[in-house]
Amino acid sequence: MTLVTGPTDMLDLARLVDSRIPGRALPAPFYTSREVHELDVAAVFATSWIFVATEPEIGEAGDYLTLDVGPYSIIVVRDDDEQVRAWHNVCRHRGSRILTEPSGSVGNIVCGYHQWTYGTDGRLLHAGTQAPGFDRSCFGLKPVHVRSVSGLLFVSLAEQPPADFDDVAARITPYLEPHRIRGTKVAAQHDLVEHANWKLVMENNRECYHCEGGHPELTCTFFPSYGYTPEEMPRHLQPAYARYLAAEAELERTCRERGLPYEKIEELSGRASAFRIQREALDGAGESFTRDGRAASRRLLGDLDVARLGRTSMHHQPNSWFHLLSDHVVTFTVLPIAPDRALVRTTWLVHADAVEGVDYDLDTLTEVWDHTNEQDGTLVARAQAGVSSPAYEPGPYAPNESHVDAFCDWYLSRVREYLQP
């Protein structure tokens, strides 16, 4: 049984963090406690750079989206100068939520309560009748840090965001840029509320131990040998591993000929902005996440001249993962809703000039990840039910679950840093 069953104050939370046995899953309160959920928002989501959207989702001046991160509500908007900006969605008058729709387009940002009006650049433009001496310049929207990395939008609620993200941006940009995300459009975006703690959702993503038995559509192209070292490879996965080695060798030749980076960079713990990126081969035709591995869209992205480019796979702590293929990009972001619920948003991007029904079929494009997400939702809901039982005791990670272990190490380091007096 876990040593700590219900933290009630900062001292208990610190003791809970220290109670985790290295190499094992987290104790139950990390997945079930309201206090830990609130701690996660404060210590992790309000201090890190988190992925929220892509630039094509707000392609025109005035386009915006809103999102909730715990008690925070954020507006991400493209202003009249084409710059992407982010603001707290809180009116500077009496605190009303200003924009209530998940997305849309505005000329100005108008609070529906008393019509205080802000420009998309955050300046207060109109506040009705005010007392003499009222200075509108003191009541603009409060800013949220936002930056675009090759079209991927990250925000940070921290006053001083992690400075090491500059290094991350510089190192991932060469992998992302050939896919020209800014030159794409949203083909589909699906939200799924999973009945599990956000960390169970992320942990499930950080391993493929479950893929062989849980994801028949994904393993049409995703090698089930992912995560195993050659020495650990089970006998029944040896044929798949042999195909993987051959596909990897071909992929590396293709990348070298075109100057595309493919080497693995893996720094999933030990730093504030932890990440992993690599271009990896796919099974089958090796082009895309489809049942036969062939491209789902005829229009390749950017200036790419070959479809068989596998996937550029990226993980970023705490809440996102990405697959960039020759014909489309698919992004995933996870946001905590409650101790036992999390939002998983999946977005498919295709070339801006690709035409549905001509260049791509939407069902074919989304089939693999729609099924995979649904299957993962079932798996993590079962996990949530299990960790909620008094009988739950954290078990050991297998060697091919090293990315899960790294995620938990990273998460605990962020929490431990936050709890330091």
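What volume does the largest cavity have? It has a volume of about 260 Å³. The views below show this cavity and other parts of a predicted model.

**View 1. The largest cavity has 23 lining residues.** Asn204, Asn205, Glu207, Trp321 and Trp369 lie nearest the centre of this cavity. Helix 5, strand 14 (311-316), strand 15 (320-324) and helix 8 each give two or more residues to the lining. Helix 8 provides the largest share, 5 residues. By class, the lining has 10 nonpolar, 9 polar and 4 charged residues. The structure holds 2 cavities of 30 Å³ or more.

**View 2. The second largest cavity holds about 50 Å³ of space.** Ala247, Glu250 and Leu251 are among the residues that line the second largest cavity. Ala281, Leu282 and Gly286 also belong to the lining. So do Arg308, Leu309 and Gly310. The lining divides into 5 nonpolar, 2 polar and 2 charged residues.

**View 3. The largest pocket has a volume of about 480 Å³.** Its lining comprises 28 residues. Which of them lie nearest the centre of the largest pocket? They are Tyr226, Gly227, Tyr228, Tyr244 and Arg276. Helix 7 (238-258), strand 13 (275-280) and helix 9 (402-419) each supply at least two lining residues. The lining of the largest pocket divides into 12 nonpolar, 8 polar and 8 charged residues.

**View 4. The second largest pocket has a volume of about 300 Å³.** This pocket is lined by 15 residues. Nearest its centre lie Leu200, Glu203, Asn204, Glu207 and Ala383. Helix 5 (198-205) and helix 8 (362-387) are the elements that give two or more residues to this lining. Helix 8 gives the most, with 4 residues. The classes are 10 nonpolar, 2 polar and 3 charged. Asn204 and Glu207 also appear in View 1: they are among the residues nearest the centre of the largest cavity.

**View 5. An open sheet is formed by 7 strands.** The strand order is 1-10-9-4-3-2-5, and the pairing is antiparallel. Which strands stand at the edges? Strand 1 (50-54) and strand 5 (103-105) do, each with a single partner strand, so one side of each has no neighbour in the sheet. On average, neighbouring strands are turned by 30 degrees against each other, direction ignored.

**View 6. Strand 4 and strand 9 pair within the sheet, in the antiparallel sense.** Strand 4 covers residues 84-88 and strand 9 covers residues 143-149. The two pair over 2 bridges. Trp87 stands opposite Pro143 in strand 9. Helix 4 (residues 165-176) packs on the sheet. This helix touches strand 9 and strand 10 (152-156). The direction of helix 4 makes about 35 degrees with that of strand 9.

Methods: Residues numbered from 1 in each chain as written. Predicted model: local features only at pLDDT ≥ 70, side-chain atom pairs only at ≥ 80, totals over all residues. Heavy atoms only, no water. 1 Å grid on protein atoms, 1.4 Å probe; cavity = no way out; pocket = protein on both sides within 12 Å on 5 of 7 lines; lining within 4 Å. Points joined across faces, edges and corners; volume = space filled by probe spheres on them. Nonpolar A, V, L, I, M, F, W, Y, C, P; charged D, E, K, R; others polar. Pairing = 2+ DSSP bridges. Axes fitted to C-alpha atoms, helices over the stretch in contact; angles between N-to-C directions. Contact = heavy atoms within 4.5 Å.
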